[in-house]
Amino acid sequence: MMKFPGYSLISSFTPFHCIILKKQRRLSALDFSSNNPTKSRRTLSVCATKQQLHNINTQIQMGGQQYRPPLFSVAPMMEWTDTHYRTVARIISKHAWLYTEMLAAETIVYQQENLDRFLAFPSEQHPIVLQIGGNNLDNIAKATQLANAYGYDEINLNCGCPSAKVAGHGCFGVRLMLDPKFVGEAMSVIAANTDVPVSVKCRIGVDDHDSYNELCDFIYKVSSLSPTKHFVIHSRKALLNGISPADNRRIPPLKYEYYYALLRDFPDLRFTINGGIDCVDEVNAALREGAHGVMVGRAAFNNLWSTLAHVDSAVYGVPNSGLTRRKVLEQYQVYGDAVLGTYGNNRPNIRELIKPLFGLFYCEPGNNLWKRRADAAFLMKNITTVKSFFEETLVAIPDAVLDSPVAELPSGRKDLFANVRGLLPPPYETRAEEVVLYAAQYKA
């Protein structure tokens, strides 16, 4: 059973059931029901029955074969997609694939005495992909071996981060696209030390190395040198001339035609499209155009509810669960108060646990007031639990917002993939000598 810092997770929670937390030899049953008619409308309830506990214990199922395909995934985002964010994301969507923040191989290797803090996660976060970064094969191998024990569903190598700290001083991230031979070797090392699929997340190019043929060379060489069959393609190139990561998400133009050309030229590989896709309607537009999968980044954090609450029904065709924001907060309150301070030195603290919720009321009445009350509550000495934080701040949000189910699917940009098929570059052709060279290297 996977251990989680501060307590052992006996079973995972669902919208209508509970988790059991074993801490300091005491067993407490926690459930997320909000059906108590006597409680205050502003209160989040916590209760459970023996039958509910029995139901949970008999319903736990593990194993990648039960998961739906990664039609929708949430991008790995540094300082954003931590375990707290992934917990609330999983409460809202049961089928979206979740990625961790990028974790440097060196961090895993040199923090072996503290691995749970970096790698442990509650079992309900499946399906989950660990993204690692690095440029040292030995450390990548050791990190993968250590991470393999935690039961991730896929291991992804970051070949797309353009930040100066990573691609500049660190000499990994998107800079690895300039060395496909090394990436192929790294992916072989990762695959040799894990029993789950491996994948690469990359851009469509770097600086002046931005032609479609150069992108194809990278894809071809990595897939020839390693067992890699899945590539996540951020459909912008990266500029390593000192601009910020934010500008690297804005200045280089999107070239979705490169992505769709890859589908044509590499029919034996699987590709996920990323970049500039901001809502589920646009996700479905990409899928209708033939995308194997779609990855959404900032929108899944900044507009948390409107983005993720539509995924299960609109992308995966699952009947709407009737989930409301109040029910989300009830479940998250249990999680938050269970992990509060478990790393010592007041980590995680209330501010860290609340950060993933700031997109829950995006553009809703009371959102700005709630954020102001949140800022004030972080400084109050009597706010010592997530429960007390909610009691202090949720008065700013109308009941109609807390209790309403997800609204109709918002419309996306209709021209996002307009004429993309008419813009495809000429088909990629590898030189015969390259085929022989890289096939021989992979077999060796």
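H230 is located in strand β10, which spans residues 230-234. The model is predicted. In this model H230 is buried, as its relative accessible area of 4% falls under the 20% cut-off. The side chain of H230 makes a polar contact with that of R270, at 3.4 Å. Beyond its sequence neighbours up to four places away, H230 touches seven listed residues: Y99, E154, V198, S199, V200, R270 and T272. R270 thus appears both as a polar partner and among the residues touched.

Aromatic pairing was examined next. The search covered the whole structure and returned 16 aromatic pairs. One pair is formed by Y256 and F417, with ring centres 4.8 Å apart. The planes of these two rings meet at 45°, so the pair is tilted. Y256 belongs to helix α10 (residues 256-265). F417 sits in the loop between α19 (399-403) and α20 (432-443). The pair therefore ties together parts that lie 161 residues apart in sequence. Y256 and F417 are both buried.

A further aromatic pair joins F361 and W370. Its geometry is edge-to-face, with 5.2 Å from centre to centre and 75° between the planes. F361 is buried, as is W370. Elsewhere, ring pairs connect F231, F266, F271 and Y428 into a cluster.

Arginine side chains also lie over aromatic faces. R117 is placed over the face of Y343, 5.7 Å from the ring centre. R298 is placed over the face of W80, and here the distance to the ring centre is 4.7 Å.

Key: Residues are numbered from 1 along each chain as its sequence is written. This is a predicted model: local features need pLDDT of at least 70, side-chain atom pairs count only at pLDDT 80 or more; totals for chains, interfaces and linings use all residues. Side-chain values use heavy atoms; hydrogens and water are left out. Rings of Phe, Tyr and Trp (its six-membered ring) pair if their centres lie within 6.5 Å; planes under 30 degrees apart count as stacked, over 60 as edge-to-face and the rest as tilted. Helices (H or I, at least four residues) and strands (E, at least two) are DSSP runs, numbered from the N terminus. Buried means under 20% relative accessible area, exposed over 50%, partly exposed in between (1.4 Å probe, protein chains only). A charge sits over a ring if NZ of Lys or CZ of Arg is within 6 Å of the ring centre and within 35 degrees of the ring normal. A polar contact is a pair of N or O atoms within 3.5 Å; within protein, one must be able to donate a hydrogen and the other to accept it, and residues adjacent in sequence count only if both atoms are side-chain atoms. Contact means heavy atoms within 4.5 Å.
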